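Here is a quick walk through a structure you may not have met before. Take a look at the picture, then read on.

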There are 2 protein chains.
Amino acid sequence: MSSTRCAACKHLRRRCPSDCIFSPYFPSDNPQRFAYVHKIYGASNVAKILQDLPVNRQGEAADSLYYEAHCRIKDPIHGSVGIITLLHQQIYNAQTQLSKIQAEIAVLSANAQTESKYQHQVVQVPNFDSNLMPQQKGVYDPSTWLSQNGL
Amino acid sequence: MSSTRCAACKHLRRRCPSDCIFSPYFPSDNPQRFAYVHKIYGASNVAKILQDLPVNRQGEAADSLYYEAHCRIKDPIHGSVGIITLLHQQIYNAQTQLSKIQAEIAVLSANAQTESKYQHQVVQVPNFDSNLMPQQKGVYDPSTWLSQNGL
């Protein structure tokens with residue numbers, strides 16, 4: 001039976017029960033996947049998180065736990081928050097670039113309407129949806145986030 | 001001495017040593033902060049992560065651990081990966097909007113150059129930096145990420 005143990009039970013050097021909570025999500029051919037979540041969360045915390053979810057959502061949870069554990073091992077200071085910070089910065093940069101384009105289009109449209117004797121097509125500039133932007137203008141800062149959320 | 005115990009030592013019902021690893025980052029006036037990281041990571045895993053870092057980076061690590069624990073408690077399936085997915089979607093939407101604007105500007109610039117007898121200002125459209133975009137075009141999907149990274 002030992003050859004059919006999942007990666008978690010192999011790692012924990014225990015028998016793999018037929019109703020093992022880890023077995024569907026931590027196959028024996030990927031030992032690193034369990035090793036990472038075990039190092040960051042511990043086996044019992046991973047088991048608790050999975051057990052509290054409906055079976056059909058446990059796979060997604062195992063994936064996201066592994067993603068976060070992988071981020072934390074790569075960047076022990078920031079973990080996946082480092083990725084979030086980077087993405088907020090990218091959105092801020094995109095917003096800045098888009099504002100610049102919108103200002104330039106406004107100039108061009110004004111020129112097109114006033115200077116030409118021909119009927120010019122006026123560009124309809126889609127508004128950048130401000131609801132899609134982070135609430136704060138600058139780069140994401142976890143401390144700011146914590147205080148803004150009263151935490 | 002018990003009144004000066006940090007939130008972690010109060011939670012763990014133990015004496016707070018003078019060199020307590022938790023004390024600087026889990027003050028007694030914010031018991032929830034430690035309760036969250038304890039629930040998701042366990043005290044010993046948090047202590048291990050902090051102890052492996054230089055003292056001047058431990059505060060950032062405690063903040064990011066708390067942020068991730070908070071996300072996991074709010075969304076036990078996706079945790080902070082849920083935020084990352086949302087941000088990737090926002091960047092994808094921004095890229096789509098920007099492509100549309102660029103196409104419309106190209107039409108306007110062509111009109112301005114060929115139809116008018118006046119010298120029109122030609123808009124210089126800043127290129128949207130493709131290095132800032134997620135490598136995959138669609139919405140972020142942890143399973144795709146995992147397989148793309150050979151994990």
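## Salt bridges

Across all chains, the count comes to six salt bridges. Bear in mind that this is a predicted model. There is a simple idea behind such pairs: side chains of opposite charge can pair when their charged atoms come close.

Let's start inside one chain. Glu60(A) makes a salt bridge with Arg57(A), and their closest N and O atoms sit 2.7 Å apart. Both residues belong to helix 4 of chain A, three residues apart, which is about one turn of the helix. Glu60(A) counts as partly exposed because its relative accessibility is 32%. Arg57(A) is partly exposed too, with 29% relative accessibility.

## Pairs that link the chains

Which residue of chain A does Arg72(B) meet in a salt bridge? The partner is Glu68(A), at 2.9 Å from N to O. Arg72(B) sits in helix 4 of chain B and Glu68(A) in helix 4 of chain A, so this pair joins two chains. Both of these residues are buried.

Now look at Glu68(B) and Arg72(A), whose side chains also form a salt bridge (2.9 Å, N to O). Here the pair crosses between chains from helix 4 of chain B, home of Glu68(B), to helix 4 of chain A, where Arg72(A) lies. Glu68(B) counts as buried because its relative accessibility is just 1%, under the 20% cut-off. Arg72(A) is buried as well, with a relative accessible area of 2%.

## Chain A in outline

Chain A has six helices and zero strands. Reading along the sequence, you get the pattern α-α-α-α-α-α. The chain has 151 residues, and 46% of them are buried. Its exposed surface comes to about 7,900 Å², with carbon and sulfur atoms supplying 49% of that.

What about contacts between residues that are far apart in sequence? Of the contacts in chain A with a separation of 6 or more, 48% are between residues 24 or more positions apart.

UniProt, in an unreviewed entry, places the feature "domain: LOB" at residues 4-105 of chain A. Over residues 4-105, the chain is 70% helix and 0% strand, and the end C-alpha atoms are 64 Å apart.

## The nonpolar cores

As a general rule, in soluble globular proteins nonpolar side chains tend to be buried together. How many residues does the largest nonpolar core have here? The number is 54, and the residues with the most contacts inside this core are Phe22(A), Phe26(A), Phe22(B) and Phe26(B). Both chains chip in: helix 1, helix 2, helix 3 and helix 4 of chain A each give two or more residues to this core, and so do helix 1, helix 2, helix 3 and helix 4 of chain B. There is also a second, separate core of 12 residues, which includes Tyr67(A), Val81(A), Leu87(A) and Val81(B).

For a view from one residue, try Phe22(B). Leaving aside neighbours within four places in sequence, its contacts include Cys6(B), Ala8(B), Leu12(B) and Arg14(B). Phe34(B), Ala43(B), Val46(B) and Ala47(B) are also among the residues that Phe22(B) contacts.

## Loop residues to look for

Cys16(A) is in the loop between helix 1 (7-11) and helix 2 (31-41) of chain A. Is Cys16(A) buried or exposed? Cys16(A) counts as buried because its relative accessibility is 15%. Not counting residues up to four places away in sequence, Cys16(A) touches Arg5(A), Cys6(A), Cys9(A) and Ser23(A). By contrast, Gln102(A) is 86 residues away along the chain, and its C-alpha atom is 61 Å from that of Cys16(A).

Arg13(A) lies in the loop between helix 1 and helix 2 of chain A. Its phi is near 50 degrees, a positive value in a residue other than glycine. That's worth a second look because most residues other than glycine have a negative phi. Arg13(A) counts as exposed, at 76% relative accessibility. In chain B, Arg13(B) is likewise in the loop between helix 1 and helix 2. Arg13(B) has a positive phi of about 50 degrees, and is exposed with a relative accessible area of 75%.

Finally, find Asp75(B), in the loop between helix 4 and helix 5 (80-115) of chain B. A polar atom of the Asp75(B) side chain lies 3.0 Å from the backbone nitrogen of His78(B). Asp75(B) is partly exposed, with a relative accessible area of 25%.

Note on methods. Residues are numbered from 1 along each chain as its sequence is written. Chains are lettered from A and ligands numbered from 1 in the order in which they are written. This is a predicted model: local features need pLDDT of at least 70, side-chain atom pairs count only at pLDDT 80 or more; totals for chains, interfaces and linings use all residues. Side-chain values use heavy atoms; hydrogens and water are left out. Helices (H or I, at least four residues) and strands (E, at least two) are DSSP runs, numbered from the N terminus. Buried means under 20% relative accessible area, exposed over 50%, partly exposed in between (1.4 Å probe, protein chains only). Contact means heavy atoms within 4.5 Å. A nonpolar core is a set of buried Ala, Val, Leu, Ile, Met, Phe, Trp, Tyr and Cys residues joined through side-chain atoms within 4.5 Å. UniProt positions are given in the numbering used here, feature names are shortened, and annotations may be inferred rather than shown by experiment. Accessible areas come from the Shrake-Rupley method with a 1.4 Å probe; for residues, only the protein chains shown count as cover. A polar contact is a pair of N or O atoms within 3.5 Å; within protein, one must be able to donate a hydrogen and the other to accept it, and residues adjacent in sequence count only if both atoms are side-chain atoms. A salt bridge is a side-chain nitrogen of Lys or Arg within 4 Å of a carboxyl oxygen of Asp or Glu.
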